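Me: Hello! I am new to this structure and would love a close look at one part of it, the sheet. Here is what I am looking at.

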Amino acid sequence: MQLRRHPSANCECCGASLWFGLKDEGKGWKVVSECRNCWRDVLVQYLPSQNIDDEDEAYERAELMVQSG
Ligand SMILES: [Zn+2]
């Protein structure tokens, strides 16, 4: 899984930028975010593929999910 650096979300622990990525689960993606500074803040959410056309759109949705926590 390739992680992308989130443009605006920061770690609650240390304030460093969060990284996020998608793991294909067939009918959707697992959204994982982590801090590469303190490694404490790992968040997993689920993003259903319904109404999502391609991976670029999935990354846009994931970005919003990570943003809002
Ligand atoms: Zn951190």
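Which residue in strand 2 is the bridge partner of Asn10? Please go on from there and walk me through how the sheet is put together.

Reply: Happy to take you through it, with one reminder before we start: this is a predicted model. The residue you are asking about is Ser17, which is the bridge partner of Asn10 in strand 2. That pair belongs to the antiparallel pairing of strand 1 with strand 2, which is made over 3 bridges. The two strands form a hairpin with 6 residues between them, and in its turn Gly15 has a positive phi of about 85°.

Now follow the chain into the next pairing. Strand 2 and strand 3 run antiparallel and are joined by 7 bridges. One place to find this on your screen is Leu18, whose bridge partner in strand 3 is Cys35. These two strands also make a hairpin, this one with 3 residues between the strands, where Gly26 takes a positive phi near 90°.

From strand 3, which covers residues 28-35, 6 bridges lead on to strand 4, again with the two running antiparallel. Two spots to look for are Lys30, with Tyr46 as its bridge partner in strand 4, and Val31, which has Gln45 as its partner there.

Put together, the 4 strands form an open sheet in the order 1-2-3-4, with antiparallel pairing. Strand 1 (4-10) and strand 4 (43-48) each have a single partner strand and stand at the edges, so one side of each has no neighbour in the sheet. From one strand to the next, the twist averages 35°.

The sheet also has a helix packed on it: helix 1, residues 55-68, touches strand 1, strand 2 (17-24), strand 3 and strand 4. The direction of helix 1 makes about 135° with that of strand 2.

Finally, let us see what is buried. The largest nonpolar core has 10 residues, and several that you have just met are among them, including Leu18, Val31 and Cys35. Others in this core include Phe20, Trp29, Ala62 and Val66. Strand 2, strand 3 and helix 1 are the elements that give two or more residues to the core. Strand 4, in contrast, is hardly covered: among its 6 residues, the count of buried ones is 0.

Technical notes
Residues are numbered from 1 along each chain as its sequence is written. This is a predicted model: local features need pLDDT of at least 70, side-chain atom pairs count only at pLDDT 80 or more; totals for chains, interfaces and linings use all residues. Two strands pair if DSSP finds at least two bridges between them. Axes are lines fitted to C-alpha atoms, for helices over the stretch in contact, and angles run from 0 to 180 degrees between N-to-C directions. Two residues are in contact if their C-beta atoms, placed from the backbone, lie within 7 Å. A nonpolar core is a set of buried Ala, Val, Leu, Ile, Met, Phe, Trp, Tyr and Cys residues joined through C-beta atoms within 7 Å. A residue is buried if 20 or more other C-beta atoms lie within 10 Å of its own, exposed if 12 or fewer, and partly exposed in between; C-beta atoms are placed from the backbone.
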